[in-house]
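Visitor: I am new to this structure. Could you walk me through it?

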Amino acid sequence: MSSRKTYDGLAQEIADEVNEDIRMSNNLSDGEEYNDQIIDQMVMDKASEVTPDYLDHYDVASKALEMVDYDAVVS
């Protein structure tokens with residue numbers, strides 16, 4: 001049986017992924033730079049994809065947003 005995900009663990013996984021995406025490409029495919037709105041959407045998309053039914057993906061997303069490294073984003 002796999003271990004149940006926790007809000008913190010899942011939020012950290014999502015934040016790590018988003019941070020990695022930001023580091024790997026300093027801007028989006030269309031040349032636009034990352035901004036808060038885009039990052040919020042990335043986090044929400046990932047959260048709704050990977051959050052199991054027994055957790056609330058909005059809560060996971062807001063926790064993950066606290067862990068996203070906004071300093072990596074040139075604004």
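Guide: Start with one term: a contact means heavy atoms within 4.5 Å. Keep in mind that this is a predicted model.

Visitor: Among contacts between residues at least 6 apart in sequence, what share joins residues at least 24 apart?

Guide: Set aside pairs that are less than 6 apart in sequence. Of the contacts that remain in the chain, those joining residues at least 24 apart make up 68%.

Visitor: What pattern does the chain follow along the sequence?

Guide: The chain has 3 helices and 0 strands. Read along the sequence, the pattern is therefore written with helices, as α-α-α.

Visitor: Which element gives the most residues to the largest nonpolar core?

Guide: That core has 16 residues, and I14, V18, I22, I39, V43, V60 and V68 touch the most other members. The elements giving two or more residues are α1 (7–24), α2 (36–50) and α3 (57–67). With 6 residues, the top contributor is α1.

Visitor: Is T51 buried or exposed?

Guide: T51 sits in the loop between α2 and α3. Leaving out residues up to four places away in sequence, T51 touches L10, D56, H57 and V60. Its relative accessibility is 12%. Buried means under 20%, so T51 counts as buried.

Visitor: How far is the backbone oxygen of A47 from a polar atom of the T51 side chain?

Guide: Both A47 and T51 are touched by V60, whose list also includes Y7, L10, A11, I14 and L55. Between the A47 backbone oxygen and a polar atom of the T51 side chain, the distance is 2.4 Å.

Visitor: What separates E20 and R23 along helix α1?

Guide: Their side chains meet in a salt bridge, 3.1 Å from N to O. E20 is partly exposed, at 36% relative accessible area. The two are 3 residues apart in helix α1, so what separates them is about one helical turn.

Visitor: How far apart in sequence are the parts tied together by K46 and D21?

Guide: K46 and D21 form a salt bridge, with the closest N and O atoms 3.4 Å apart. K46 lies in α2 and D21 in α1, so the pair ties together parts separated in sequence by 25 residues.

Visitor: Which residues do salt bridges with shared partners join into one network?

Guide: K46 is buried at 17% relative accessibility, while D21 is partly exposed at 28%. Salt bridges that share partners link these two with one further residue, and the network is E17, D21 and K46.

Visitor: How many salt bridges does the structure hold?

Guide: One of them joins K5 and E13, with closest N and O atoms 2.9 Å apart. K5 is partly exposed at 34%, and E13 is partly exposed at 39%. The structure's count of salt bridges is 5.

Note on methods
Residues are numbered from 1 along each chain as its sequence is written. This is a predicted model: local features need pLDDT of at least 70, side-chain atom pairs count only at pLDDT 80 or more; totals for chains, interfaces and linings use all residues. Side-chain values use heavy atoms; hydrogens and water are left out. A nonpolar core is a set of buried Ala, Val, Leu, Ile, Met, Phe, Trp, Tyr and Cys residues joined through side-chain atoms within 4.5 Å. Buried means under 20% relative accessible area, exposed over 50%, partly exposed in between (1.4 Å probe, protein chains only). Helices (H or I, at least four residues) and strands (E, at least two) are DSSP runs, numbered from the N terminus. A polar contact is a pair of N or O atoms within 3.5 Å; within protein, one must be able to donate a hydrogen and the other to accept it, and residues adjacent in sequence count only if both atoms are side-chain atoms. A salt bridge is a side-chain nitrogen of Lys or Arg within 4 Å of a carboxyl oxygen of Asp or Glu.
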